[in-house]
Amino acid sequence: MEIPSKYDPKRVEEHWYAYWSEHDYFSSKPDEREPYTIVIPPPNVTGVLHMGHMLNNTLQDVLIRRARLLGKNACWVPGMDHASIATEAKVVAKLKADGVDKSKLSRDEFLKHAWDWTNEYGGVILQQLKKLGCSCDWDRTKFTMDDDMSASVIKVFVDLYNKGLIYRGYRMVNWDPEAKTTLSDEEVIYEERQGNLYYLSYAIEDSDEKVTIATTRPETILGDTAICINPNDERYHHLRGKKAIVPICDRVIPIIEDEYVDVEFGTGCLKVTPAHDENDKNLGEKHNLEVVDIFNEDATLNSFGLHYEGKDRFVVRKEISKELEEKGYLVKTEQHTNKVGTSERTKAVIEPRLSDQWFLKMENLAKPAIEGVLETKDVKLYPSKFENTYRHWMENIRDWNISRQLWWGQQIPAYYYGDGKEDYVVAETPEEALELAKAKNPNIQASDLRQDPDVLDTWFSSWLWPISVFGGILEPENEEVNYYYPTNDLVTGPDILFFWVARMIMAGYEYRGKRPFENVYLTGLVRDKQRRKMSKQLGNSPDALKLIEDFGADGVRVGLLLSSSAGNDIMFDETLCQQGANFANKIWNAFRLIKGWEVADIPQPEAAQKGIEWYKAKFNQTLVEIEDHFSKYRISDALMATYKLVWDDFCSWLLEIVKPEYQKPIDHASYNEVLGLFEENLKLLHPFMPFLTEEVWQHIAERTPEEALIVSQWPEAKDVNTTLIAEFEFASEVISGVRTIRKEKNIPQKDALELFMLNGEKMSSELDAIILKLGNLSKMAAVDASLEGALTFRVKSNEYFIPISGAIDVDAEIAKITEELNYTKGFLKSVEKKLSNERFVNNAPEQVVAMERKKAADAEAKIVTLEKSLASLQ
C-alpha cells in the first residue's frame, strides 16, 4: 500500500471501524479463555455525547482493548437507560409542542408516543460512541425497557416484597412539582439560596395579645395547624393552653409545647404545617394535629389556598407577603440564606409532600455491601479516598422510595381489588395476581383488578444491570451469567457512587451471592480551565463530535487521558487534544521516515547495534512501569509513560541513532529490528490510539484478519538491563553537552568536532559509537589534565573539552565573555552592598535576605566559571 504523506484521521477512522465490525473483533461468546467483562454505565436514552461520556468510555475502551491484547475474552456490554423522569419530560414537551396534553391521553396512548420518541431519538449516543472508537459488543446492546430487562425488574420487586423488604407507606416524600413525581433522597440536590425570613404576627384568641413567628415560606401559613413553643422557654409560659388565629384564613389553632423548638432561632415560636415539612409532620403525629395540604401536584395552591387558588407557590409568596404587610401582620423581614432542595433531573425546587409510596428496606441489604467494600475489600474503589464517602452513605442509609408517579418505566406489579388501600396483591402477571386475590376473595374477577399506576424508580432497574444483561435474574444458572459474572471493572463517576454503584453491589450480593465487579474506577468531573463544571447552561462544554472532527478520535482520546487522573477533576483544555493530534502526526512521520530508508545488505554499525540493545532495555523497563500503572488504575500515567517512550526514546533517540547517513542505505538487521520495535510500540499504544496504530500496523506488512493489531498479543516483559540504561543516560547527557555548545557557538552539525574527557568517574566505552555519531565527533579520547583553549562542559564528575581552533571567532568569544563577566561583577557588587547594610539585614524578612545571599553565591560561582573560560581562550 502507498503511504500517504499526511495522516488523515477521518478516512482512517471510518475504514478501520468498519473493518473491525465486519470481522466481529468486538463480539464475545463464552469459551475456554479467561473472561474480562465490563458493563457500560448505561447513558440515558435521551442523551447525546458530552465530555463526561467521552472520558468515561475512552477509559473503558482502553481497558477492554488491552484485555483483548492480553488474550482474554473481552466483553464490553453496551446499553441505554430508559431514564423515566428525563424521557417522560421530553415526550411531554414534544406532545405539548404538537398541541397534545398528556392528561388527555390514556396510559397506552402516551406509551405509544414514548416508544415512538425513543425509537426515533434514542440510542444516538451509542452511534456517537463508535466515532470515539469504542469496541463494545454491539450485538449485546441492552435497553432497560427491553422485555427481558423489565421482566427481571418485576421478578425482583415481587421477590423483595415476598421477603418483607418492600412495603407501602404514607410518608413525607420529596415531590418534584415539574415532573409531578416523588424522588428518592439521593435525587435531591441541596443549594444555598438567598431568601427572606418573614416575621409574622398571630393574634391570641380572646385576648389582645399577639405572638410573632418567623418563617421562610409565608405561603404555607394557610396550612398551619398549630404553634409550638419550647416548654423551657419562660418567655412563652403565659401562652400555655391558649389558641392562636392564623392570619388571612382565620383558622383557630392550638399552641402546643415541645422541646423540638429551637429557642435561639427566629422568635423561638414555631408554626406547625404538618403537610409541608418533615419535622412538622413528626410534631403533628406526636400531638395529633390536623393535616391541611394546600398544594396541588404542580405546586399551585388548591382550595385551601383561598383566593390564591390556582397560583404558583412562588407567585403566592410575593403576593401573600404584600397582603400580610397591608393588613398589619408582617412585623419585619430579614435576608436569610438557607439550603433549598432541587430536583437533580428537572432542577425544580422540591416540595415536601405526604403521599402513599412504595419503599424498600435498605438496612439488611446494605450490610454485605458495607462488608464487601470496607472490610474484605472484595470490591475495591480507585482511588480509595471514596471509601469514606461510601461508608458515610451506607452507614446512614434510609429506606428507598422506589415508586414514581410516571407512566414511562416498569409499572409496579401491585393489583388492587377492593376499596381499601390495603386491599392489594403483588404478582409478576395479572393472571398470578388474580389467583392471589381469589384466595382472599373467591368472587373477584379479572375486571376487578386495578394495577398500581406508578412506575419504579429508574435506578431500581439499573441496579440489576451487571446481572440482568446476562439474563441472570430470569435464568440464574444460564451459561452466560456463570461465565461473565462477576464482571471485572466498572468505570463511572463518583456522583453516582450511591445511586448506582452501591445499589449494584447490594443487588449483586442479594441475587448472586457475589460482588458484581472487582474494581470500581471513579473518574473525576470534567471541568474547564477556570475549574467550572462543563455544562450546556454555561456554554463551556465543547461539542464532542466537533472535537473528533478537528483533532481525530485518537487525538481527543489522548487529550482527555493526559488531563485525567482517577478521582480528580479534569481540567480540560482543547490544546491537549492538539497535543494528542501532534503525537499521532509524530508517530505517522516516524513510520514514513523508516519506510523511506533504502535497505542494503551491509554490516550493522556498532552505534545501531548498541542503540537497539539500549531501546529494548528501555522498552522492557517502561513496560514494567506501564503494567504497574494499569494495576493501580493510573491510566493517564500509563499513557504518559507510553508517550515518553515513543516520542523521546524511540523517535528522538533510537531513530537518530540508526538513521543512515544522507542518501546512504540502512543495513537489513537494523531496519528489521527497528520495524519490529515499532510494532511493539504500536501494541502498547493501541488501547489509547486504536485507529492510528491499526493503520500503521497494516501498512508495515500484509496482514490477514487474524493478524490485525486489535487481536495481536500484548508484549511480554523481559529482564531489564538497568546498567545499559544508566550508561545511556550518561551518554545522552554527553551528547546534549556537545549539542548545547554547537548551538551556543553556532557550530554547524556537519562540522566534525573532537571531544576529550577528563574522567572523574570511569565511564564505559560501550556507547562511544553512539556519542561519536550523534555528536558528529571525529575523535574521542581521554586526557590527564585540562585542555587550554577549549570549550568545556561537565557531566557529573567528568569534564569534557572541545578544542575550538577554527570552529569559533576567538576574539568575538573573548569580548562576549568579558562583557558578561563585567556585568556579573557589577551585579555582585550591588548585592554585596545591600547585604553590608545592617538596617536591611536586620529589618528585611528572613526569606528576602536569604534570597539576596543566594544571588551573591550564584554570581560568585558564575564569575569563577567565566574567568576559567576566558583563561582557556587567552
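Biologist: Among contacts between residues at least 6 apart in sequence, how many join residues at least 24 apart?
Modeller: Contact means heavy atoms within 4.5 Å. In this protein, 77% of those contacts join residues at least 24 apart. The model is predicted, so local features need pLDDT of at least 70, side-chain atom pairs count only at pLDDT 80 or more, and totals for chains, interfaces and linings use all residues. Residues are numbered from 1 along each chain as its sequence is written, and side-chain values use heavy atoms, with hydrogens and water left out.

Biologist: What does the radius of gyration say about the protein?
Modeller: The radius is taken over C-alpha atoms, and the globule rule is 2.2 Å times the number of residues to the power 0.38. Here the radius is 37 Å, well over the 29 Å that the rule gives for 874 residues, so the protein is more spread out than a compact globule. Along the principal axes, the C-alpha atoms fill a box of roughly 115 × 80 × 50 Å.

Biologist: How many helices and strands are there?
Modeller: Both are DSSP runs, numbered from the N terminus: helices are H or I, at least four residues, and strands are E, at least two. This protein has 26 helices and 31 strands.

Biologist: What is the strand order in the open sheet of 4 strands?
Modeller: Two strands pair if DSSP finds at least two bridges between them. The order is β6-β5-β14-β16, and the pairing is antiparallel. At the edges are β6 (181-183) and β16 (400-401), each paired on one side only. Take β14, residues 351-360: 2 bridges join it to β16 in the antiparallel sense. One bridge partner to look for is N401 in β16, which goes with F359.

Biologist: Which strands pair with β23 in the parallel sense?
Modeller: Strand β15 (residues 380-382) does, over 3 bridges. Look there for Y382, opposite Y521 in β23. Strand β22 (residues 487-492) also runs parallel to β23, joined by 5 bridges. There, L490 has V520 of β23 as its bridge partner.

Biologist: Is strand β23 mostly covered or mostly open?
Modeller: Buried means under 20% relative accessible area, exposed over 50%, and partly exposed in between (1.4 Å probe, protein chains only). Strand β23 spans residues 517-522 and is mostly covered, with 5 of its 6 residues buried. Over the whole protein, 53% of the 874 residues count as buried.

Biologist: Is K610 buried or exposed?
Modeller: K610 has a relative accessible area of 11%, so it is buried. Find K610 in helix α18, residues 606-631. Beyond its neighbours within four places in sequence, K610 is in contact with E766, L767 and I770.

Biologist: Which residues touch the most other members of the largest nonpolar core?
Modeller: In soluble globular proteins, nonpolar side chains tend to be buried together. A nonpolar core is a set of buried Ala, Val, Leu, Ile, Met, Phe, Trp, Tyr and Cys residues joined through side-chain atoms within 4.5 Å. The largest one here has 204 residues, and L360, F460 and W463 touch the most other members. Helix α19 (residues 635-658) gives the most to this core, with 14 residues. A second, separate core has 28 residues, including I248, F295, L324 and L330.

Biologist: What does L360 touch?
Modeller: Leave out residues up to four places away in sequence. L360 then touches L160, L165, I166, L365, D399, W400, I402, F460 and W463.

Biologist: How many aromatic pairs does a search of the whole structure find?
Modeller: Rings of Phe, Tyr and Trp (its six-membered ring) pair if their centres lie within 6.5 Å; planes under 30 degrees apart count as stacked, over 60 as edge-to-face and the rest as tilted. The search finds 40 pairs. In one of them, W115 and F143 have ring centres 5.9 Å apart and planes at 85 degrees, so that pair is edge-to-face. W115 lies in helix α4 (residues 107-121) and F143 in strand β4 (residues 142-143), 28 residues apart, so the pair links distant parts of the chain. W115 is partly exposed at 30% relative accessible area, whereas F143 is buried at 6%.

Biologist: Where do W588 and F591 lie?
Modeller: Both are in helix α17 (residues 574-595), 3 residues apart, about one turn of the helix. Both are buried. Their rings form a tilted pair, 6.1 Å centre to centre with 55 degrees between the planes. W588 and F591 also belong to one aromatic cluster with Y7, W614, Y615, F619, F650, W653, F678 and F728.

Biologist: Which ring does the charged end of R703 sit over?
Modeller: A charge sits over a ring if NZ of Lys or CZ of Arg is within 6 Å of the ring centre and within 35 degrees of the ring normal. The charged end of R703 is over the ring of W697, 3.9 Å from its centre. R65 lies over the face of W20, at 4.4 Å from the ring centre.
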